[in-house]
Structure formats: C-alpha cells, structure tokens
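Okay, my turn, and I'll keep it short. Let me put the structure up, and then we'll go straight to the cysteines.

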Amino acid sequence: MKIRPATPEDAPSLAALSIETWLNTYLRQGIGRDFAEFVLDQFTPAKFIDWLRSPDETLLVSETSDGPDGYIRLTQDQPGPVPGCSDTEISTLYVRPRRHGRGIGKALLQHALEHAANDGVADVWLMTNAENTPAIGFYHRIGARDLGETHFCLGDARYPNRVFSLPTNFRTTDPKAGGSSGR
C-alpha cells in the first residue's frame, strides 16, 4: 500500500470512489432523489480540484497498482458541531468497500494525524452516521473519544451522527483496527 498526497489527476477516481463508498455505506433501499442529488453534487472531479487548491484542505490517497482504493481529507478552520472539538476536521475517510479490513483506513488516519501534528494541530474531530456500526466500532477500537451527537440533513430528513475526537499523537497497536468506512 502506498499513501501519498492527492493530485488533480486523482480527481475522477476519487469522485467515483466516493460515490461507491457513500452509496454502499448509507443506502438502505432504493436510490431516492435526495440521495442521488447529494452524491452527484458533492462527489465531482471539480469539487476535488477545488479541495486540492484550497490551503485549508489536505487530501491523502492510498493506492494500489490499479489506482486509489481509499483517501482521507483534512479540513482546517472547521469548527466542530459540539463542544470539545478542535478546528481541524477529518472531513472524509473512505475506503472502497471491497478493501475494508486490510489496514487502509488505519494507515490513512495515521498519515493524516501525523500531517496535522506537523502543522501544530493537537487533535482532530470527525463524525460518522450513528448507524454506521463498522466505522463506530473502528473509532472505538482505536480509542477515539465520543464527544456527542449532531445531525446530517438531507432534504427534509435528519440523520443522527456521532462526533469523535482523536489526538494527533495517537498511535494504535490494535490489530483489529484495520479498516474503516467513511462517515
């Protein structure tokens, strides 16, 4: 596994990876209009190019010989939704569903935390859907601190999300903390 900074050439692959991961993680039945519009608006190559150009965004990619299989996105100057959050968010941690359990999520997280620490950040926050038990289990196993609940709004629906915090000096030795789906 190779982890490196994302480049503009990665934008189409990261958009496709995001759509695959998001739909696989959050859809319970059919693809409703709100879900379809959300993924087609949020996960475009142009959005990734914008994030790559922003000084407040850091994207790291995990790749195989076939291309990206996961990525993590850090956003600075992003106040958290509950007390106890820093102003640095792990906005996205996505690993292709077929690649879960191989240590990709843990490796991406470790690289992102090291990057944040090098920028003087003491801790980061993230959130994940309250029904995303694989991700919540991953964060619990690695020792993330649960800060509370917020909601993700899509159309007229509100979806509960758990908010977690991790210190940037975090290191795990838990062999079960090998993979993660995103929020």
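So, C153: its sulfur sits 17 Å from the closest cysteine sulfur, the one in C85, and that's too far for a bond. Remember this is a predicted model. To call a disulfide, we need two cysteine sulfurs within 2.5 Å, so at 17 Å this pair is out. From the other side it's the same story: C85 is in no disulfide, with C153 having the nearest cysteine sulfur. And searching the whole structure turns up zero disulfides.

Buried or exposed, where do these two cysteines fall? C85 is buried, at 19% relative accessible area, while C153 is partly exposed, at 47%.

Okay, on to the cores. The largest nonpolar core has 26 residues, and I72, I90, L109, V124, Y139 and L166 have the most contacts inside it. Which element gives the most to this core? That's helix 4, with seven residues. Other elements supply at least two each, including strand 3, strand 5 and strand 7. If you want one residue to click on, try L166: leaving out its sequence neighbours up to four places away, L166 touches L109, L113 and V124, among others. Apart from that core there's another one, of 21 residues, including L17, I49 and W51.

Last thing, the helix pair. Helix 1 and helix 3 have axes that come within 8 Å and cross at roughly 115°, and the crossing is right-handed. Helix 1 brings A11, P12, L14, A15 and S18 to the contact, and helix 3 brings P45, F48 and I49. By class, that's seven nonpolar, one polar and no charged residues.

Key:
Residues are numbered from 1 along each chain as its sequence is written. This is a predicted model: local features need pLDDT of at least 70, side-chain atom pairs count only at pLDDT 80 or more; totals for chains, interfaces and linings use all residues. Side-chain values use heavy atoms; hydrogens and water are left out. Buried means under 20% relative accessible area, exposed over 50%, partly exposed in between (1.4 Å probe, protein chains only). Axes are lines fitted to C-alpha atoms, for helices over the stretch in contact, and angles run from 0 to 180 degrees between N-to-C directions. Helices (H or I, at least four residues) and strands (E, at least two) are DSSP runs, numbered from the N terminus. A crossing is left-handed if the near helix is turned anticlockwise from the far one by less than a right angle, and right-handed if clockwise. Contact means heavy atoms within 4.5 Å. Ala, Val, Leu, Ile, Met, Phe, Trp, Tyr, Cys and Pro count as nonpolar, Asp, Glu, Lys and Arg as charged, and the others, Gly among them, as polar. A nonpolar core is a set of buried Ala, Val, Leu, Ile, Met, Phe, Trp, Tyr and Cys residues joined through side-chain atoms within 4.5 Å.
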